[in-house]
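User: Please take a close look at one part of this model, the pairing of its first two strands, and describe the residues in and around that part. I would also like to see how the part sits within the chain as a whole.

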Amino acid sequence: MRVRSPRVVEAPISLECRLAQVIPVGNGPHSLVLGEIVYFHVRDDIYDPATGRIHMARLKPVGRLAGHAYAHVHDIFEMTRPSENYAG
């Protein structure tokens, strides 16, 4: 079942999620929110239908660091998993 939540039109990827669990963290008003993804929205120009994967060079992802700090992701590489059945 889809959630049909509002989305940012310019976002290249967005996820519709259903709340799974909220876990209080530490002594302050902080929580870890876990959600179940029920639907993906992916812009056509970053999706490769032949592989079913996202073109990372076209996506140009940004990483969240800490506080107000973010990072542009420029050095993207692939690494073969230890075995075919590796679940990590």
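Analyst: The account below begins with the whole chain, then turns to the strand pair and to residues around it.

The structure is a predicted model, in which local features need pLDDT of at least 70 and side-chain atom pairs count only at pLDDT 80 or more, whereas totals for chains, interfaces and linings use all residues. Residues are numbered from 1 along each chain as its sequence is written, and side-chain values use heavy atoms, with hydrogens and water left out.

The chain contains 1 helix and 6 strands, where helices (H or I, at least four residues) and strands (E, at least two) are DSSP runs numbered from the N terminus. Along the sequence these elements follow the order β-β-β-β-α-β-β. The chain is more spread out than a compact globule, because its radius of gyration is 17 Å, well over the 12 Å that the globule rule gives for 88 residues. That radius is taken over C-alpha atoms, and the globule rule is 2.2 Å times the number of residues to the power 0.38. Taken along the principal axes, the C-alpha atoms fill a box of roughly 45 × 35 × 35 Å.

Of the 88 residues in the chain, 7% are buried; buried means under 20% relative accessible area, exposed over 50%, and partly exposed in between (1.4 Å probe, protein chains only). The accessible surface of the chain comes to about 8,100 Å², and 56% of it belongs to carbon and sulfur atoms. These areas come from the Shrake-Rupley method with a 1.4 Å probe, and for residues only the protein chains shown count as cover. Among contacts between residues at least 6 apart in sequence, 26% join residues at least 24 apart, a contact being heavy atoms within 4.5 Å.

The strand pair itself consists of S1 (residues 13-25) and S2 (residues 30-42). S1 and S2 run antiparallel and are joined by 12 bridges; two strands pair if DSSP finds at least two bridges between them. Together they form a hairpin with 4 residues between the strands, and Gly26 in the turn has a positive phi of about 70°. Beside the turn, Val25 stands opposite His30 in S2. Another bridge partner in S2 is Leu32, which is paired with Ile23.

Within S1, Glu16 deserves attention. This residue counts as buried, at 2% relative accessibility. Leaving aside neighbours within four places in sequence, Glu16 is in contact with Glu36, Ile37, Val38, Tyr39 and His41, and also with Arg2, Val3, Arg4 and Ser5. One of these partners, Ser5, lies in the segment before S1. Ser5 is partly exposed, with a relative accessible area of 29%. From Ser5 to Arg18, 13 residues further along in sequence, the C-alpha to C-alpha distance is 9.9 Å.

On the S2 side, Ile37 is partly exposed, its relative accessible area being 40%. Apart from neighbours within four places in sequence, Ile37 is in contact with Leu15, Glu16 and Cys17. The C-alpha atoms of Ile37 and Asp48 are separated by 20 Å, with the two residues 11 apart along the chain.

The segment before S1 also holds Pro12. Pro12 is partly exposed, with a relative accessible area of 24%. Not counting residues up to four places away in sequence, Pro12 touches His41, Val42, Arg43, Ile46 and Leu59. By contrast, the C-alpha atoms of Pro12 and Val33, 21 residues apart along the chain, are separated by 23 Å. Glu10, found in this segment as well, is exposed, with a relative accessible area of 62%. Glu10 and Arg43 are 33 residues apart in sequence and 9.3 Å apart in space, C-alpha to C-alpha.

A residue beyond the hairpin completes the description. Lys60 lies in the loop between helix H1 (56-59) and strand S5 (62-64). Although Lys60 is not a glycine, its phi is positive, at about 55°. Lys60 counts as exposed, at 63% relative accessibility.
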